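This report covers two ligand sites and one small sheet. Have the sequence and model at hand.

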Amino acid sequence: MKPPHRGLTTLAFTGACAMVALAVSIQSSAQTAPASAESNRFTPSALRIESESAPAALDAGLRAVAPEPTPRGILREAPAAFDNRTNGFDPQGPTFDSIDENTVVALRSYNDNRFIFEEFETEADGLGPTFNAQSCRECHQNIVTGGASQVAEHRTGRMELLQFVESVGGSLIQSRSTHADIFERVPFEDSVSTLRISTNTLGAGFIEAIANDTLLGIRNAQPAAIRGTALEVAVLEANNARRIGRFGWKCQHASLESFAADAYLNEMGITTPLLPEENTSLGRNVGYGTSYDRVADPEDDGVDLRAFANFMRATKAPPRGAITPAVRSGEALFNQVGCNGCHTATIRTAAPGTRINGGAILVRDAVGNKIIHPYGDFLMHDIGTGDGIPVLPGAEFASTAGQIRTAPLWALRTRNRLMHDGLSFTKQEAIARHAGQATAVKNAYDALTAAQKDQVLAFLDSL
Ligand code: HEC
Ligand code: HEC
(Lines give C-alpha, C1' and ligand atoms only; values in the text may rest on other atoms or scores of the structure.)
(Ligands and ions follow the chains in the order given, each with its own letter.)
Protein backbone atom coordinates (compact mmCIF):
# COMPACT_ATOMS: atom_id res chain seq x y z
CA MET A 1 0.00 0.00 0.00
CA LYS A 2 1.38 3.34 -0.94
CA PRO A 3 1.39 6.00 1.69
CA PRO A 4 -0.17 9.25 0.63
CA HIS A 5 2.39 11.35 -1.19
CA ARG A 6 2.10 14.35 0.98
CA GLY A 7 2.40 15.61 4.46
CA LEU A 8 4.91 13.27 6.06
CA THR A 9 7.74 14.36 8.24
CA THR A 10 10.12 12.46 10.41
CA LEU A 11 9.94 13.53 13.99
CA ALA A 12 13.27 14.31 15.51
CA PHE A 13 11.99 14.73 19.01
CA THR A 14 14.47 15.17 21.76
CA GLY A 15 13.91 14.46 25.40
CA ALA A 16 12.82 18.07 25.80
CA CYS A 17 9.63 17.27 23.99
CA ALA A 18 8.72 14.44 26.28
CA MET A 19 5.34 15.54 27.44
CA VAL A 20 4.47 12.44 29.34
CA ALA A 21 5.86 11.60 32.68
CA LEU A 22 7.66 8.36 32.00
CA ALA A 23 7.22 5.21 33.96
CA VAL A 24 4.16 6.71 35.55
CA SER A 25 2.27 4.51 37.86
CA ILE A 26 -1.31 3.63 37.24
CA GLN A 27 -2.40 6.07 39.92
CA SER A 28 -1.17 9.08 38.02
CA SER A 29 -3.28 8.09 35.07
CA ALA A 30 -6.34 8.81 37.13
CA GLN A 31 -5.32 12.43 37.27
CA THR A 32 -5.80 14.97 34.58
CA ALA A 33 -3.49 14.44 31.64
CA PRO A 34 -0.45 16.75 31.52
CA ALA A 35 -1.04 20.06 29.79
CA SER A 36 0.61 19.46 26.46
CA ALA A 37 -1.17 21.96 24.28
CA GLU A 38 1.77 24.30 23.91
CA SER A 39 4.48 21.78 23.24
CA ASN A 40 2.68 19.50 20.84
CA ARG A 41 3.93 21.24 17.76
CA PHE A 42 3.00 18.74 15.08
CA THR A 43 -0.72 19.04 15.60
CA PRO A 44 -2.39 21.73 13.54
CA SER A 45 -3.26 24.67 15.71
CA ALA A 46 -6.94 24.56 14.85
CA LEU A 47 -7.37 21.42 16.90
CA ARG A 48 -7.69 21.17 20.62
CA ILE A 49 -4.41 19.53 21.24
CA GLU A 50 -4.91 18.17 24.71
CA SER A 51 -7.37 15.79 23.14
CA GLU A 52 -4.48 13.58 22.10
CA SER A 53 -2.49 13.79 25.27
CA ALA A 54 -1.68 10.50 26.81
CA PRO A 55 -3.17 8.98 29.86
CA ALA A 56 0.16 7.27 30.42
CA ALA A 57 2.82 5.12 28.88
CA LEU A 58 2.69 2.08 31.04
CA ASP A 59 5.10 -0.64 31.83
CA ALA A 60 4.62 -4.36 31.79
CA GLY A 61 3.87 -4.54 35.47
CA LEU A 62 0.49 -3.01 34.85
CA ARG A 63 -1.23 -6.24 34.05
CA ALA A 64 -1.16 -7.34 37.63
CA VAL A 65 -2.97 -4.21 38.78
CA ALA A 66 -6.72 -4.21 39.25
CA PRO A 67 -8.76 -1.83 37.09
CA GLU A 68 -9.05 1.66 38.53
CA PRO A 69 -11.56 4.37 37.84
CA THR A 70 -10.34 7.15 35.59
CA PRO A 71 -11.97 10.49 34.82
CA ARG A 72 -13.56 9.02 31.69
CA GLY A 73 -14.52 5.57 32.80
CA ILE A 74 -13.01 2.36 33.97
CA LEU A 75 -9.65 1.10 32.86
CA ARG A 76 -10.01 -2.45 31.59
CA GLU A 77 -8.17 -5.15 29.71
CA ALA A 78 -9.18 -5.09 26.05
CA PRO A 79 -11.32 -8.09 25.08
CA ALA A 80 -9.22 -10.69 23.26
CA ALA A 81 -10.43 -13.68 21.23
CA PHE A 82 -10.31 -15.26 17.79
CA ASP A 83 -14.09 -15.47 17.56
CA ASN A 84 -15.27 -13.22 14.71
CA ARG A 85 -17.34 -11.22 17.19
CA THR A 86 -17.42 -7.54 18.00
CA ASN A 87 -15.54 -5.91 20.87
CA GLY A 88 -18.65 -3.79 21.38
CA PHE A 89 -17.46 -0.88 19.25
CA ASP A 90 -20.35 1.30 18.30
CA PRO A 91 -19.61 4.24 16.04
CA GLN A 92 -22.85 5.80 17.28
CA GLY A 93 -22.15 5.05 20.90
CA PRO A 94 -22.47 7.34 23.90
CA THR A 95 -19.40 9.43 23.05
CA PHE A 96 -21.28 11.07 20.25
CA ASP A 97 -19.96 14.21 18.65
CA SER A 98 -21.38 16.10 15.73
CA ILE A 99 -18.04 16.47 13.98
CA ASP A 100 -17.72 12.72 13.72
CA GLU A 101 -18.30 11.77 10.10
CA ASN A 102 -19.42 8.33 11.14
CA THR A 103 -22.58 9.75 12.56
CA VAL A 104 -23.84 11.16 9.30
CA VAL A 105 -23.59 8.05 7.14
CA ALA A 106 -25.75 5.02 7.44
CA LEU A 107 -24.29 2.83 10.13
CA ARG A 108 -24.06 -0.87 9.94
CA SER A 109 -23.71 -3.66 12.40
CA TYR A 110 -20.44 -5.44 13.02
CA ASN A 111 -21.51 -8.36 10.86
CA ASP A 112 -22.53 -6.11 7.98
CA ASN A 113 -19.16 -4.34 8.12
CA ARG A 114 -17.39 -7.68 8.28
CA PHE A 115 -19.33 -8.82 5.24
CA ILE A 116 -18.04 -5.80 3.29
CA PHE A 117 -14.46 -6.53 4.42
CA GLU A 118 -14.95 -10.13 3.23
CA GLU A 119 -16.77 -9.30 0.00
CA PHE A 120 -15.18 -10.17 -3.35
CA GLU A 121 -15.26 -7.17 -5.66
CA THR A 122 -15.70 -7.46 -9.43
CA GLU A 123 -14.75 -5.29 -12.40
CA ALA A 124 -18.25 -3.83 -12.28
CA ASP A 125 -17.51 -2.62 -8.74
CA GLY A 126 -14.29 -1.01 -9.93
CA LEU A 127 -11.83 -3.84 -9.19
CA GLY A 128 -8.52 -3.21 -11.00
CA PRO A 129 -7.46 -2.63 -13.75
CA THR A 130 -4.29 -3.47 -11.81
CA PHE A 131 -4.73 -5.02 -8.37
CA ASN A 132 -3.41 -7.62 -5.93
CA ALA A 133 -6.52 -9.39 -4.64
CA GLN A 134 -10.29 -9.19 -4.76
CA SER A 135 -11.19 -8.74 -1.12
CA CYS A 136 -9.61 -7.52 2.10
CA ARG A 137 -10.07 -10.98 3.58
CA GLU A 138 -7.96 -12.60 0.85
CA CYS A 139 -4.95 -11.18 2.66
CA HIS A 140 -6.38 -10.65 6.15
CA GLN A 141 -7.81 -13.91 7.43
CA ASN A 142 -6.08 -16.01 10.06
CA ILE A 143 -7.40 -17.27 12.50
CA VAL A 144 -10.50 -15.19 11.74
CA THR A 145 -11.38 -12.35 9.36
CA GLY A 146 -9.02 -9.43 9.95
CA GLY A 147 -5.98 -11.49 10.90
CA ALA A 148 -2.69 -11.64 9.05
CA SER A 149 -1.81 -14.00 6.19
CA GLN A 150 1.06 -15.38 4.15
CA VAL A 151 0.19 -13.15 1.16
CA ALA A 152 3.08 -10.81 0.38
CA GLU A 153 3.03 -7.76 -1.79
CA HIS A 154 5.95 -6.59 -3.91
CA ARG A 155 7.63 -3.17 -3.92
CA THR A 156 10.37 -2.06 -6.30
CA GLY A 157 12.51 0.89 -7.34
CA ARG A 158 16.14 1.77 -7.99
CA MET A 159 18.95 3.97 -6.73
CA GLU A 160 19.82 6.99 -8.88
CA LEU A 161 22.58 9.33 -7.69
CA LEU A 162 22.29 7.83 -4.18
CA GLN A 163 18.55 8.59 -4.09
CA PHE A 164 15.79 6.02 -4.10
CA VAL A 165 13.51 6.34 -7.12
CA GLU A 166 10.24 4.41 -7.17
CA SER A 167 9.28 2.28 -10.15
CA VAL A 168 7.25 4.28 -12.65
CA GLY A 169 3.74 4.65 -11.22
CA GLY A 170 4.79 3.88 -7.63
CA SER A 171 6.84 1.35 -5.69
CA LEU A 172 3.94 -1.06 -5.19
CA ILE A 173 3.78 -3.54 -8.04
CA GLN A 174 0.27 -4.90 -8.58
CA SER A 175 0.52 -8.61 -9.28
CA ARG A 176 -2.83 -9.12 -11.00
CA SER A 177 -4.70 -7.27 -13.71
CA THR A 178 -8.02 -7.46 -15.48
CA HIS A 179 -6.35 -7.47 -18.94
CA ALA A 180 -3.17 -9.32 -19.93
CA ASP A 181 -1.72 -6.40 -21.90
CA ILE A 182 -1.58 -4.06 -18.91
CA PHE A 183 0.02 -6.50 -16.45
CA GLU A 184 2.84 -4.84 -14.46
CA ARG A 185 6.20 -6.48 -15.18
CA VAL A 186 9.09 -5.08 -13.18
CA PRO A 187 11.67 -3.25 -15.33
CA PHE A 188 15.14 -4.83 -15.17
CA GLU A 189 16.71 -1.52 -13.99
CA ASP A 190 14.53 -1.53 -10.87
CA SER A 191 16.89 -3.64 -8.84
CA VAL A 192 15.72 -2.56 -5.35
CA SER A 193 13.02 -5.05 -4.52
CA THR A 194 11.24 -6.26 -1.41
CA LEU A 195 8.35 -8.37 -0.29
CA ARG A 196 6.06 -7.18 2.47
CA ILE A 197 3.81 -9.69 4.11
CA SER A 198 0.22 -9.00 5.15
CA THR A 199 -0.06 -7.86 8.74
CA ASN A 200 -2.73 -8.41 11.36
CA THR A 201 -5.61 -5.95 11.74
CA LEU A 202 -7.29 -7.64 14.72
CA GLY A 203 -7.27 -5.20 17.61
CA ALA A 204 -6.40 -2.32 15.26
CA GLY A 205 -9.05 -0.10 16.82
CA PHE A 206 -7.13 -0.12 20.08
CA ILE A 207 -3.94 0.88 18.28
CA GLU A 208 -5.76 3.72 16.56
CA ALA A 209 -6.93 4.86 20.00
CA ILE A 210 -3.37 5.24 21.36
CA ALA A 211 -2.65 8.93 21.88
CA ASN A 212 0.31 10.50 20.09
CA ASP A 213 1.82 11.39 23.44
CA THR A 214 1.74 7.78 24.56
CA LEU A 215 3.80 6.73 21.54
CA LEU A 216 6.20 9.61 22.13
CA GLY A 217 6.41 8.68 25.79
CA ILE A 218 7.39 5.12 24.88
CA ARG A 219 9.93 6.45 22.41
CA ASN A 220 11.47 8.89 24.84
CA ALA A 221 11.77 6.22 27.51
CA GLN A 222 13.82 4.01 25.19
CA PRO A 223 17.58 4.09 25.79
CA ALA A 224 19.32 6.11 23.05
CA ALA A 225 20.83 3.00 21.48
CA ILE A 226 17.45 1.48 20.65
CA ARG A 227 15.31 4.60 20.40
CA GLY A 228 12.68 4.35 17.67
CA THR A 229 11.53 6.84 15.07
CA ALA A 230 8.06 8.34 15.14
CA LEU A 231 6.75 9.50 11.81
CA GLU A 232 3.98 12.00 11.45
CA VAL A 233 1.68 11.26 8.56
CA ALA A 234 -1.33 12.84 6.91
CA VAL A 235 -4.81 11.78 8.00
CA LEU A 236 -6.64 11.89 4.67
CA GLU A 237 -10.15 12.19 6.12
CA ALA A 238 -9.05 15.13 8.31
CA ASN A 239 -7.81 17.34 5.52
CA ASN A 240 -4.31 15.88 5.90
CA ALA A 241 -3.93 16.84 9.55
CA ARG A 242 -0.83 15.28 11.05
CA ARG A 243 -0.75 12.35 13.43
CA ILE A 244 1.87 9.83 14.41
CA GLY A 245 1.75 6.87 12.03
CA ARG A 246 1.38 3.44 13.60
CA PHE A 247 -0.09 1.15 10.92
CA GLY A 248 1.91 -0.79 8.33
CA TRP A 249 5.54 -1.94 8.19
CA LYS A 250 6.68 1.67 7.77
CA CYS A 251 4.13 3.26 10.13
CA GLN A 252 2.76 4.87 7.00
CA HIS A 253 -0.73 5.60 8.34
CA ALA A 254 -2.25 6.87 11.57
CA SER A 255 -5.92 6.18 10.88
CA LEU A 256 -7.80 3.07 9.79
CA GLU A 257 -9.95 4.97 7.35
CA SER A 258 -6.84 6.34 5.61
CA PHE A 259 -5.27 2.88 5.53
CA ALA A 260 -8.49 1.43 4.13
CA ALA A 261 -8.51 4.03 1.33
CA ASP A 262 -4.89 3.18 0.56
CA ALA A 263 -5.62 -0.55 0.58
CA TYR A 264 -8.79 -0.27 -1.48
CA LEU A 265 -6.88 1.64 -4.16
CA ASN A 266 -3.54 -0.10 -4.09
CA GLU A 267 -4.53 -3.69 -3.30
CA MET A 268 -7.85 -3.79 -5.12
CA GLY A 269 -7.81 -0.90 -7.60
CA ILE A 270 -10.91 0.77 -6.16
CA THR A 271 -10.88 4.56 -5.95
CA THR A 272 -12.61 6.54 -3.20
CA PRO A 273 -13.19 10.20 -2.35
CA LEU A 274 -10.01 10.06 -0.22
CA LEU A 275 -7.86 8.66 -3.04
CA PRO A 276 -9.81 9.27 -6.25
CA GLU A 277 -7.04 8.69 -8.79
CA GLU A 278 -6.81 5.25 -10.40
CA ASN A 279 -3.53 3.30 -10.35
CA THR A 280 -1.48 3.18 -13.51
CA SER A 281 0.12 0.20 -15.18
CA LEU A 282 3.79 1.17 -14.76
CA GLY A 283 2.91 4.78 -15.43
CA ARG A 284 0.46 4.11 -18.26
CA ASN A 285 -3.04 5.48 -17.73
CA VAL A 286 -5.47 2.56 -17.65
CA GLY A 287 -8.24 4.30 -15.67
CA TYR A 288 -11.74 5.47 -16.53
CA GLY A 289 -11.89 6.80 -20.08
CA THR A 290 -9.60 4.05 -21.39
CA SER A 291 -10.89 0.70 -22.59
CA TYR A 292 -9.63 -0.95 -19.37
CA ASP A 293 -11.90 0.68 -16.81
CA ARG A 294 -15.67 1.04 -17.13
CA VAL A 295 -16.36 2.60 -13.75
CA ALA A 296 -16.13 6.36 -13.14
CA ASP A 297 -14.10 7.56 -10.15
CA PRO A 298 -14.54 7.50 -7.25
CA GLU A 299 -15.59 3.88 -7.64
CA ASP A 300 -16.66 3.72 -3.99
CA ASP A 301 -18.44 6.74 -2.50
CA GLY A 302 -16.64 6.34 0.82
CA VAL A 303 -19.25 4.17 2.52
CA ASP A 304 -17.16 1.01 2.10
CA LEU A 305 -14.17 2.81 3.60
CA ARG A 306 -16.02 3.54 6.80
CA ALA A 307 -17.33 -0.03 6.85
CA PHE A 308 -13.76 -1.35 6.63
CA ALA A 309 -12.54 1.06 9.30
CA ASN A 310 -15.45 0.35 11.63
CA PHE A 311 -15.06 -3.41 11.16
CA MET A 312 -11.38 -3.22 12.16
CA ARG A 313 -12.21 -0.92 15.07
CA ALA A 314 -14.70 -3.50 16.32
CA THR A 315 -12.32 -6.47 16.26
CA LYS A 316 -11.04 -8.03 19.46
CA ALA A 317 -7.34 -8.17 20.23
CA PRO A 318 -5.49 -11.42 19.49
CA PRO A 319 -5.74 -13.69 22.56
CA ARG A 320 -2.85 -15.35 24.39
CA GLY A 321 -2.23 -19.10 24.38
CA ALA A 322 -1.71 -21.16 27.52
CA ILE A 323 0.40 -19.45 30.19
CA THR A 324 2.63 -22.17 31.64
CA PRO A 325 5.49 -21.78 34.13
CA ALA A 326 7.93 -21.95 31.19
CA VAL A 327 6.04 -19.12 29.50
CA ARG A 328 6.32 -16.97 32.63
CA SER A 329 10.03 -17.63 33.01
CA GLY A 330 10.46 -16.98 29.29
CA GLU A 331 8.78 -13.58 29.56
CA ALA A 332 11.04 -12.65 32.47
CA LEU A 333 14.09 -13.55 30.37
CA PHE A 334 12.65 -11.69 27.35
CA ASN A 335 12.48 -8.59 29.55
CA GLN A 336 15.83 -9.27 31.19
CA VAL A 337 17.77 -9.34 27.90
CA GLY A 338 15.90 -6.25 26.69
CA CYS A 339 13.58 -7.55 23.95
CA ASN A 340 10.80 -5.54 25.61
CA GLY A 341 12.77 -2.34 24.86
CA CYS A 342 11.08 -2.39 21.45
CA HIS A 343 8.51 -5.15 21.87
CA THR A 344 6.49 -3.10 24.39
CA ALA A 345 4.28 -5.47 26.37
CA THR A 346 1.57 -3.12 27.58
CA ILE A 347 0.05 0.08 26.24
CA ARG A 348 -3.01 1.98 27.39
CA THR A 349 -5.41 3.61 24.95
CA ALA A 350 -6.73 7.15 25.32
CA ALA A 351 -9.90 7.84 27.28
CA PRO A 352 -13.30 7.64 25.59
CA GLY A 353 -14.19 10.99 24.09
CA THR A 354 -10.59 11.84 23.15
CA ARG A 355 -10.53 13.44 19.73
CA ILE A 356 -8.13 11.55 17.44
CA ASN A 357 -7.23 11.21 13.78
CA GLY A 358 -6.72 14.93 13.38
CA GLY A 359 -10.18 15.56 14.80
CA ALA A 360 -12.04 13.17 12.50
CA ILE A 361 -13.34 10.85 15.21
CA LEU A 362 -13.68 10.45 18.93
CA VAL A 363 -12.39 7.47 20.87
CA ARG A 364 -15.39 5.25 21.56
CA ASP A 365 -16.11 3.51 24.84
CA ALA A 366 -15.28 0.07 23.46
CA VAL A 367 -11.72 1.04 22.54
CA GLY A 368 -11.00 3.81 25.08
CA ASN A 369 -9.22 3.27 28.41
CA LYS A 370 -8.18 -0.21 27.36
CA ILE A 371 -5.02 -2.04 28.26
CA ILE A 372 -3.52 -3.96 25.37
CA HIS A 373 -0.51 -6.26 25.10
CA PRO A 374 0.74 -5.85 21.54
CA TYR A 375 4.43 -6.53 22.28
CA GLY A 376 5.29 -3.73 19.89
CA ASP A 377 6.00 0.00 20.20
CA PHE A 378 4.53 1.10 16.84
CA LEU A 379 7.80 2.91 16.13
CA MET A 380 10.37 2.22 13.45
CA HIS A 381 13.84 0.86 14.14
CA ASP A 382 16.93 0.00 12.16
CA ILE A 383 17.74 -3.57 13.14
CA GLY A 384 19.62 -4.21 9.91
CA THR A 385 16.58 -5.59 8.08
CA GLY A 386 15.61 -2.40 6.24
CA ASP A 387 14.30 -3.22 2.79
CA GLY A 388 15.90 -0.22 1.05
CA ILE A 389 12.55 1.39 0.31
CA PRO A 390 11.81 4.60 2.21
CA VAL A 391 8.29 5.44 3.33
CA LEU A 392 8.32 8.09 0.59
CA PRO A 393 10.95 9.07 -1.98
CA GLY A 394 13.02 12.18 -1.29
CA ALA A 395 16.01 13.08 0.87
CA GLU A 396 13.86 13.82 3.93
CA PHE A 397 12.70 10.21 4.15
CA ALA A 398 15.94 8.51 3.09
CA SER A 399 16.62 7.30 6.63
CA THR A 400 13.38 5.33 6.68
CA ALA A 401 14.76 2.98 3.99
CA GLY A 402 16.72 1.18 6.68
CA GLN A 403 13.91 1.10 9.23
CA ILE A 404 10.99 -1.20 9.88
CA ARG A 405 8.22 -0.96 12.47
CA THR A 406 8.76 -3.28 15.42
CA ALA A 407 6.63 -6.27 14.53
CA PRO A 408 3.86 -6.46 17.18
CA LEU A 409 4.27 -9.98 18.53
CA TRP A 410 0.64 -10.59 19.47
CA ALA A 411 -0.72 -13.51 17.41
CA LEU A 412 2.86 -14.60 16.71
CA ARG A 413 1.85 -18.22 17.30
CA THR A 414 -0.41 -17.99 14.23
CA ARG A 415 2.38 -16.93 11.85
CA ASN A 416 4.99 -19.17 10.25
CA ARG A 417 6.49 -16.63 7.82
CA LEU A 418 8.13 -13.96 9.88
CA MET A 419 9.63 -10.49 9.50
CA HIS A 420 8.45 -7.88 6.97
CA ASP A 421 9.43 -10.01 4.02
CA GLY A 422 8.01 -13.24 5.41
CA LEU A 423 11.36 -14.88 4.68
CA SER A 424 12.23 -16.06 8.19
CA PHE A 425 10.50 -19.34 8.81
CA THR A 426 11.30 -19.92 12.47
CA LYS A 427 11.44 -17.73 15.56
CA GLN A 428 15.13 -18.55 15.88
CA GLU A 429 15.85 -17.25 12.36
CA ALA A 430 13.85 -14.11 13.06
CA ILE A 431 15.80 -13.45 16.25
CA ALA A 432 19.09 -14.13 14.46
CA ARG A 433 18.27 -11.38 11.95
CA HIS A 434 18.15 -8.77 14.73
CA ALA A 435 21.25 -6.56 14.32
CA GLY A 436 21.78 -2.78 14.18
CA GLN A 437 19.87 -1.18 17.05
CA ALA A 438 19.04 -4.64 18.42
CA THR A 439 22.64 -5.92 18.48
CA ALA A 440 23.25 -5.66 22.23
CA VAL A 441 19.90 -7.25 23.03
CA LYS A 442 20.47 -10.04 20.55
CA ASN A 443 23.92 -10.68 22.04
CA ALA A 444 22.37 -10.89 25.49
CA TYR A 445 19.87 -13.41 24.14
CA ASP A 446 22.65 -15.43 22.51
CA ALA A 447 24.42 -15.56 25.87
CA LEU A 448 21.46 -17.33 27.52
CA THR A 449 21.74 -21.05 28.20
CA ALA A 450 19.92 -23.46 25.89
CA ALA A 451 17.32 -24.07 28.59
CA GLN A 452 16.72 -20.34 29.01
CA LYS A 453 16.37 -19.86 25.26
CA ASP A 454 13.77 -22.63 25.24
CA GLN A 455 11.80 -20.68 27.81
CA VAL A 456 11.94 -17.51 25.70
CA LEU A 457 10.74 -19.53 22.72
CA ALA A 458 7.94 -21.04 24.84
CA PHE A 459 6.93 -17.51 25.77
CA LEU A 460 6.91 -16.46 22.10
CA ASP A 461 4.72 -19.50 21.32
CA SER A 462 2.17 -18.22 23.84
CA LEU A 463 1.68 -14.92 22.01
C1 HEC B 1 -3.07 -8.36 -1.60
C2 HEC B 1 -3.17 -8.46 -0.18
C3 HEC B 1 -3.92 -7.42 0.60
C4 HEC B 1 -5.22 -7.00 0.45
C5 HEC B 1 -6.22 -7.41 -0.61
C6 HEC B 1 -5.46 -6.08 1.52
N7 HEC B 1 -4.35 -5.95 2.30
FE8 HEC B 1 -4.18 -4.88 4.01
N9 HEC B 1 -2.22 -5.35 4.12
C10 HEC B 1 -1.53 -6.10 3.20
C11 HEC B 1 -0.12 -5.98 3.41
C12 HEC B 1 0.96 -6.65 2.58
C13 HEC B 1 0.04 -5.12 4.51
C14 HEC B 1 1.35 -4.57 5.07
C15 HEC B 1 1.73 -3.50 4.05
C16 HEC B 1 2.82 -2.56 4.42
O17 HEC B 1 2.90 -2.15 5.58
O18 HEC B 1 3.59 -2.15 3.55
C19 HEC B 1 -1.30 -4.76 4.93
C20 HEC B 1 -1.59 -3.95 6.03
C21 HEC B 1 -2.86 -3.51 6.36
C22 HEC B 1 -3.16 -2.69 7.51
C23 HEC B 1 -2.16 -2.24 8.56
C24 HEC B 1 -2.18 -3.15 9.75
C25 HEC B 1 -0.95 -2.97 10.62
O26 HEC B 1 -0.12 -3.86 10.67
O27 HEC B 1 -0.75 -1.92 11.18
C28 HEC B 1 -4.49 -2.40 7.46
C29 HEC B 1 -5.26 -1.56 8.45
C30 HEC B 1 -5.03 -3.06 6.29
N31 HEC B 1 -4.02 -3.73 5.65
C32 HEC B 1 -6.34 -2.98 5.88
C33 HEC B 1 -6.82 -3.53 4.69
C34 HEC B 1 -8.16 -3.31 4.18
C35 HEC B 1 -9.24 -2.51 4.84
C36 HEC B 1 -8.23 -3.99 3.00
C37 HEC B 1 -9.38 -4.05 2.00
C38 HEC B 1 -9.80 -2.75 1.49
C39 HEC B 1 -6.94 -4.62 2.79
N40 HEC B 1 -6.12 -4.31 3.83
C41 HEC B 1 -6.66 -5.41 1.69
C42 HEC B 1 -2.10 -6.87 2.21
C43 HEC B 1 -3.38 -6.73 1.75
C1 HEC C 1 15.73 -2.38 18.63
C2 HEC C 1 14.37 -2.89 18.63
C3 HEC C 1 14.16 -4.38 18.79
C4 HEC C 1 14.63 -5.20 19.79
C5 HEC C 1 15.50 -4.83 20.97
C6 HEC C 1 14.10 -6.52 19.51
N7 HEC C 1 13.32 -6.49 18.38
FE8 HEC C 1 12.32 -8.06 17.58
N9 HEC C 1 11.79 -6.90 16.01
C10 HEC C 1 12.12 -5.57 15.83
C11 HEC C 1 11.75 -5.14 14.52
C12 HEC C 1 11.97 -3.75 13.93
C13 HEC C 1 11.16 -6.25 13.89
C14 HEC C 1 10.64 -6.33 12.45
C15 HEC C 1 11.86 -6.48 11.53
C16 HEC C 1 11.53 -6.82 10.09
O17 HEC C 1 10.40 -7.25 9.82
O18 HEC C 1 12.39 -6.65 9.23
C19 HEC C 1 11.19 -7.34 14.85
C20 HEC C 1 10.68 -8.62 14.63
C21 HEC C 1 10.70 -9.66 15.54
C22 HEC C 1 10.11 -10.96 15.34
C23 HEC C 1 9.31 -11.38 14.11
C24 HEC C 1 7.84 -11.18 14.36
C25 HEC C 1 6.95 -11.33 13.14
O26 HEC C 1 5.73 -11.35 13.32
O27 HEC C 1 7.42 -11.38 12.01
C28 HEC C 1 10.37 -11.70 16.46
C29 HEC C 1 9.94 -13.14 16.71
C30 HEC C 1 11.13 -10.87 17.35
N31 HEC C 1 11.30 -9.63 16.77
C32 HEC C 1 11.59 -11.27 18.59
C33 HEC C 1 12.50 -10.52 19.34
C34 HEC C 1 13.19 -11.04 20.51
C35 HEC C 1 13.01 -12.43 21.08
C36 HEC C 1 13.99 -10.03 20.96
C37 HEC C 1 14.99 -10.09 22.08
C38 HEC C 1 16.04 -11.07 21.92
C39 HEC C 1 13.77 -8.88 20.08
N40 HEC C 1 12.87 -9.23 19.12
C41 HEC C 1 14.37 -7.65 20.27
C42 HEC C 1 12.71 -4.76 16.77
C43 HEC C 1 13.36 -5.20 17.91
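The ligand shells come next, then the sheet.

This is a predicted model: local features need pLDDT of at least 70, side-chain atom pairs count only at pLDDT 80 or more, and totals for chains, interfaces and linings use all residues. Residues are numbered from 1 along each chain as its sequence is written, while chains are lettered from A and ligands numbered from 1 in the order in which they are written.

**Ligand shells.** A residue counts as near when its C-beta atom, placed from the backbone, lies within 6 Å of the molecule or strand. Ligand 1 is surrounded by 27 residues, the closest being N132, C136, C139, T199 and G248. Two or more residues each come from α2 (136-139), β10 (192-197), α5 (256-268) and α6 (303-313). Helices (H or I, at least four residues) and strands (E, at least two) are DSSP runs, numbered from the N terminus. α5 gives the largest share, 7 residues.

Ligand 2 has 31 residues around it, with C339, C342, T385, L418 and H420 nearest. Here α7 (325-337), α8 (427-432), α9 (439-446) and α10 (450-460) each supply two or more.

Ala, Val, Leu, Ile, Met, Phe, Trp, Tyr, Cys and Pro count as nonpolar, Asp, Glu, Lys and Arg as charged, and the others, Gly among them, as polar.

| Shell | Nonpolar | Polar | Charged |
|---|---|---|---|
| Ligand 1 | 17 residues | 6 residues | 4 residues |
| Ligand 2 | 19 residues | 9 residues | 3 residues |

**The sheet.** Three strands form an open sheet in the order β4-β16-β13, with mixed pairing. β4 (76-77) and β13 (347-348) are the edges; each has a single partner strand, so one side of each lacks a neighbour in the sheet. Strands pair if DSSP finds at least two bridges between them. β13 and β16 (residues 370-372) run antiparallel over 2 bridges. I347 sits opposite I372 in β16.
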